[in-house]
Amino acid sequence: MSAYIVSPHEINYLVQSAGLLATQQPPLTWVWDVNRSNGCVKSGTLHPGDRAAQERIGQLLQVENLRSVEYRYSQIEPHKPEEYTPTPITLKENPVQVIKSCHYYEYQSCEHPGWETSEACAFIQALEKAAMRALPGYKSAIWGAPTASQ
């Protein structure tokens, strides 16, 4: 696999999409690093309009992406992440694009051994699930398998 440093615009798209989805559903929440021996659970929540959380998540996504690139290409000089500042963008509700952007980010950021247990991974998975729940027809679909008459 390969990896490269994603642009600030791409990080911002993910963060702003999470904020938009958080206004349409319960707040976006994610869990990572569950310690079964002491019951400690680390979790995050993004409430609509929470700029401090957006800044933290954007910075977190940048750092995780850099970890991946630096691990994959150990011969490169370490990068210092830019300071992330949320920038409002006009988003059209497009859950499929959000899902695809999650896959793109994950592809660029999953190269190091700590990816699967990282907060960034948990956030991206939660964002992807929220986007799936926003797909047209999701809310009206029945819970479970339809019968032959449905």
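Among contacts in the chain between residues at least 6 apart in sequence, what percentage join residues at least 24 apart? In this predicted model, the share of such contacts that join residues at least 24 apart is 74%. The secondary structure consists of 4 helices and 2 strands, and these elements follow one another along the sequence in the pattern α-β-β-α-α-α. Taken along the principal axes, the box filled by the C-alpha atoms of the chain is roughly 60 × 45 × 30 Å.

Of the 150 residues in the chain, 38% are buried. The area exposed by the chain is about 9,100 Å², of which carbon and sulfur atoms supply 54%. The side chains include 12 positive and 15 negative ones, and a distance of 6 Å separates the centres of the two sets.

Helix α3 was examined in further detail. This helix comprises the 15 residues 95–109. At 1.5 Å a residue, a span of 21 Å is expected for α3, and the end C-alpha atoms are 21 Å apart, which agrees. The buried positions of α3 are P95, V98, I99, S101, C102, Y105, Q108 and S109. In general, an α-helix has 3.6 residues a turn, so residues three or four places apart point the same way. The packing partners of the buried residues of α3 are α1 (8–24), α2 (51–72) and α4 (119–133).

Aromatic pairs were searched for across the whole structure, and 3 were found. In the pair formed by Y105 and W115, the ring centres are 6.1 Å apart and the planes stand at 55°, so the arrangement is tilted. Because Y105 belongs to helix α3 whereas W115 lies in the loop between α3 and α4, this pair ties together parts that are 10 residues apart in sequence. Both Y105 and W115 are buried.

A further buried position is found in helix α1, where Q16 is located. The relative accessible area of Q16 is 12%, and this residue is therefore classed as buried, the cut-off being under 20%. When neighbours within four places in sequence are left aside, the residues in contact with Q16 are Q54, Y84, P86, T87, P88, I89 and L91.

Technical notes: Residues numbered from 1 in each chain as written. Predicted model: local features only at pLDDT ≥ 70, side-chain atom pairs only at ≥ 80, totals over all residues. Heavy atoms only, no water. Expected span 1.5 Å × (residues − 1). Buried < 20%, exposed > 50% of the residue type's maximum accessible area, 1.4 Å probe, protein only. Contact = heavy atoms within 4.5 Å. Phe/Tyr/Trp six-rings, centres within 6.5 Å; stacked < 30°, edge-to-face > 60°. Areas by Shrake-Rupley, 256 points an atom, 1.4 Å probe, with all protein chains shown as cover. Lys, Arg positive; Asp, Glu negative; His and termini not counted. Charge placed at Lys NZ, Arg CZ, Asp CG, Glu CD.
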